[in-house]
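Colleague: Please walk me through this model, taking charge, fold and packing in turn.

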Amino acid sequence: MVPLTHEPGVYSILCTTNSKCYVGRTSDLYRRKREHFKLLSEGRHYNPNLQSCWNLYGPDSLVFEVLDYGSIEELAILEQHYMDEYRDCLMNTVLQPFAL
């Protein structure tokens, strides 16, 4: 596995047990992964579907994966591309018609 960097990019968090995923974008992939998993471990994640996967199946069931790297300016377009691609398995709680 390639170590995470502090680069901007689009990522997914896949629940390997139910094949559902969360897609997001960030200016710092390393920091964002740490933030997600810290909130999940504390039971305080803002996405109830993701928190439920953590609670039901445990931390080993969630895999953080970099989907794409890009400039800050490109991230919304890249995120939308992956949200469209993974629409059938998304567990993002609020789906916008386009990435904000």
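**Charge, fold and packing**

Colleague: How far apart are the mean positions of the positive and negative charges of the chain?
Modeller: This is a predicted model, and the values are computed from it. The chain carries 9 positive and 13 negative charges. The distance between their mean positions is 9 Å.

Colleague: In what pattern do the helices and strands follow one another along the sequence?
Modeller: There are 3 helices and 3 strands to place. Read along the sequence, their pattern is β-β-α-α-β-α.

Colleague: What radius of gyration does the chain have?
Modeller: The C-alpha trace spans about 35 × 30 × 25 Å along its principal axes. For 100 residues, a compact globule would be expected near 13 Å, and the chain agrees with this, its radius of gyration being 13 Å.

Colleague: Which elements give two or more residues to the largest nonpolar core?
Modeller: That core has 13 residues, and Tyr11, Ile13, Tyr22, Leu50, Leu62, Phe64 and Met91 have the most contacts inside it. The elements giving two or more residues are strand E1 (9–15), helix H1 (29–41), helix H2 (48–57) and strand E3 (62–69).

Colleague: Which residues does Leu50 touch, not counting those up to four places away in sequence?
Modeller: Leu50 is among the residues with the most contacts inside the largest core. Leaving out residues up to four places away, Leu50 touches Ile13, Tyr22, His36, Leu40, His45, Leu62 and Met91.

Colleague: What share of the exposed area do carbon and sulfur atoms supply?
Modeller: Buried residues make up 41% of the chain. The chain exposes about 5,900 Å², and the share from carbon and sulfur atoms is 55%.

How values were computed. Residues are numbered from 1 along each chain as its sequence is written. This is a predicted model: local features need pLDDT of at least 70, side-chain atom pairs count only at pLDDT 80 or more; totals for chains, interfaces and linings use all residues. Side-chain values use heavy atoms; hydrogens and water are left out. Helices (H or I, at least four residues) and strands (E, at least two) are DSSP runs, numbered from the N terminus. The radius of gyration is taken over C-alpha atoms; the globule rule is 2.2 Å times the number of residues to the power 0.38. Buried means under 20% relative accessible area, exposed over 50%, partly exposed in between (1.4 Å probe, protein chains only). Accessible areas come from the Shrake-Rupley method with a 1.4 Å probe; for residues, only the protein chains shown count as cover. Lys and Arg count as positive and Asp and Glu as negative; His and the chain ends are not counted. The place of a charge is taken as NZ of Lys, CZ of Arg, CG of Asp or CD of Glu. A nonpolar core is a set of buried Ala, Val, Leu, Ile, Met, Phe, Trp, Tyr and Cys residues joined through side-chain atoms within 4.5 Å. Contact means heavy atoms within 4.5 Å.
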